[in-house]
Amino acid sequence: MLVGESGSGKTTALRLLAGLLEPAEGRIELDGLTYFDSSRNLSVVPHKRPIGYVAQDYALFPHLNVLENVAFGLRALRMPAPLRRASELLERFGITDLAERRPAQLSGGQQQRVALARALAIEPRLLLLDEPLAALDLSTRRVVRAELIRLLAELPCVTIYVTHSPAEALLFGERVTVLEKGRVSQSGARDDLLRHPRSSYVAEFLGLNLYRGVVGSRTDDGLVRVSVEGGELFLAEDAPIGEEIHVVVDPREVVLSTERPQGSARNVFVGPIEEIAPEPPLGERVRVSVGSRPALIAEVTRAAASAMALAPGRMAYASFKATGARAYR
Amino acid sequence: MKRLVFVLLLLASPAFARDETTIFAAASLSGAFKEMGKKYRFNFAGSQQLAAQLEQGAPADVFASADEQWMSYAREHGLIAGEPRVFARNRLVVITPKSNPGRVDRIADLARPGVKVLIGVENVPIGRYARQVLTKHSSDFARRVLGNVVSQEENVKAIVTKIALGEADAGFVYVSDATPAVRRMPIPDEVNVIAAYPIAVVKNAPHAEAAQAFVNFLLSREGQAILVKHGFLPAENSRP
Amino acid sequence: MIRAAAVGAGVLLLLLLGIPIASLILRVPAASLATRMADPAIQEALRLSLVTTLISTLLIVLIGTPVAYVLATRDFPGKRVVETLIDLPMVLPPTVAGLALLLAFGRMGIAGKILGFGLPFTTLAVIVAQVFMAAPFFIAPARAGFAALDRRLLDAAATLRASEGYAFARVVLPLTLPSLTAGAAMACARALGEFGATITFAGNLPGVTQTMPLAVYVAFQSDLEAAIVLSVLLMILSFGLLLGLRAATGRMGPASSLAAPIAR
């Protein structure tokens, strides 16, 4: 899974792999074979790479019917019985009755199936899917999503699935790579992403408070100082001085109050409330963004929020215990 | 709206606003006629083309043809007023490129296979005259030379230009057309023809008086001198 | 109000085009049409025009298609100059073009001297003149057609193992056929009617270089009836060629089926 915001470079990455775009510098290797190497001036043309590509808008050939579209790659490779193989694929995707139709006569979901069938017809070693669900309306999306999960699990090839939705990434993917502004900010197993987000993009999606900081000295009572942007956190973890770490604080661990708290929490911050957003599904809980330094997001019950008369602009204290934060590298 | 009409009229006016005397003359006369005076408007073309234009009603005051045939045509179709007068004569000459790539030194060389000859189209005066010259030699000679023709030109100036550019080996033109850019090969008098140029005032000419004045000037000593200067032969029995 | 003006303009244009053509047809002496057709001179001009125009159009399409494709899809230094050069014959007066051809390919011309022989006065020269004047009429619409093609379809073709040549034949050509046909038709018509450059560069000799337009011009001066017959023949010829071209590609073109409605 390749996930990132728009403009982060996801489509570019796919185009580079496909050979539709050439990097200024670098190396592309698949299955042990090198398809691009700037140091050796090596570049394999797209039509010689064993890849399959399904573009965001499907790019079906308007002058060919569905069957011919699917058979296109087979014919280009001069494989025998292209139409028979194509029909088999149509059957597998359950779109045999669409064989004679032209792309303009198909719905979004149907077009996607044809595009997939077409790309898979040539049995690629690597399948590139560019936001396959983005062009579909919500109801179709749900149906197609389920189908895709099943299909991708069966495929013998490696699939790179590009999406801007972290939800999709977490749903589909075994390995997730996060792209931020053209760079890889995190790459690993899905669970690792969930537990140890290293990019603000993912943290935001997961609704977690994420900080990057450097470990400082210990306090007198054995807590560790961590300097992050805007302030200092106190953690109960053990970490060597000078190490760069990520600190994640679940919003549910954050306590809000209108007066400076007197309790055991060692991390206390104050700032104006920036936003109060109800949490789905019922809005029984709300997320409060506090513009403290550093900024914090707290999750409290709606009742509690109204009891304290919390409103944007009001100053509030946000605090959490040293043990309420998790740190990792 | 009025402005638009005014502009349109202005654009169309060159055809009407000019109050100059219009002279339709054969192409070979262009050099000489232009010296006759700046107050005239000239239309130079093949005589056959001019006759056709007159027939279709083109406005003109004077018609000067390169041969009698087209003047007769004009007369038969009631296009001229009064009798035509011959105001100049011309002879034919063979011209070759300066480098003479076809090695044409005598008229007989024109019949040599491979020589590229230019001649006027049959119905253009220069074309007719040239064919007359060939037939005067012998009909067999005419046949062989015509077999060497690579192009039939619509007017004599085109022949001069193509020879000057060196594209063909020889061409038949009027003596008056042989510019310094080409080499002349004289045609023996026995087989040469004398082209007579008749001139007439056009019927219902808008400027009949000026037209007649032009004709008179051509026949005067001054006019004849200009014509001779441009290589023409004077009219026989011309007025002194 | 706008509608009335548009209709008025349309009628005016139809009259401007229609009346001269109608006058031509109405003046044809019906009886002599058949006898004129049998005239070997006319048949020669007809045959020459047909042969040269077809060859010219073929050459224009063969050479022009890759040129138009490159112009539409690639950038290179001096591209503007090349484009202007290719468009030039469209605005050049034909006689000027003829002179230029003469200076280039004449016996004494720049290229003529290198080649060792001159083109003028040959049928080849007729074809050269036609190709020179008519090529831009094909290249311009062909180029627009190629440029309008969705580049993403070519990307898709590449990912489906299609080499550039295969993609050109199976994706580009079928989708740009309407533009290419329209361009070919225009170039064909232009070549058929070519006069100025032909008479200046190739010359005027029946059977060799005297195409229909030249024959009409020559006939006009001596035999008006013949001129009218030739003109009408030329018109019928042009009409027939254009219709034939449209019909031939209309059957192959995908345009009609692309208009099928989206089933939602």
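**Close-up 1. What comes after helix 10 of chain B.** In this predicted model, helix 10 of chain B is followed by B:Gly231. The phi of B:Gly231 is positive, near 100°.

**Close-up 2. The buried and exposed sides of helix 10 of chain B.** Which residues of this helix, spanning 221-229, are buried? They are B:Gly223, B:Gln224 and B:Leu227. Looking down the axis of helix 10 of chain B, you'd find these buried residues within an arc of 95°, so they line one face of the helix. It helps to remember that an α-helix has 3.6 residues a turn, so residues three or four places apart point the same way. Flip to the other side of helix 10 of chain B and you meet exposed residues: B:Arg221, B:Glu222, B:Ala225 and B:Lys229.

**Close-up 3. The neighbours of helix 10 of chain B.** What do the buried residues of helix 10 pack against? Within chain B, they pack against helix 3 (30-34), helix 9 (208-219), strand 4 (80-96) and strand 10 (233-234).

**Close-up 4. A hairpin from strands 2 and 3 of chain A.** Over in chain A, strand 2 (residues 27-30) and strand 3 (residues 33-37) pair in the antiparallel sense, with four bridges. A:Glu29 has A:Thr34 in strand 3 as its bridge partner. Two residues sit between the strands of this hairpin, and A:Asp31 in the turn has a positive phi of about 55°.

**Close-up 5. A hairpin from strands 3 and 4 of chain A.** Strand 3 of chain A also runs antiparallel to strand 4 (residues 42-43) of chain A, joined by two bridges. Here A:Phe36 has A:Ser43 in strand 4 as its bridge partner. This hairpin has four residues between its strands, and A:Asn41 in the turn shows a positive phi of about 60°.

Conventions
Residues are numbered from 1 along each chain as its sequence is written. Chains are lettered from A and ligands numbered from 1 in the order in which they are written. This is a predicted model: local features need pLDDT of at least 70, side-chain atom pairs count only at pLDDT 80 or more; totals for chains, interfaces and linings use all residues. Two strands pair if DSSP finds at least two bridges between them. A residue is buried if 20 or more other C-beta atoms lie within 10 Å of its own, exposed if 12 or fewer, and partly exposed in between; C-beta atoms are placed from the backbone. The arc is that of the directions from the helix axis to the C-beta atoms. Two residues are in contact if their C-beta atoms, placed from the backbone, lie within 7 Å.
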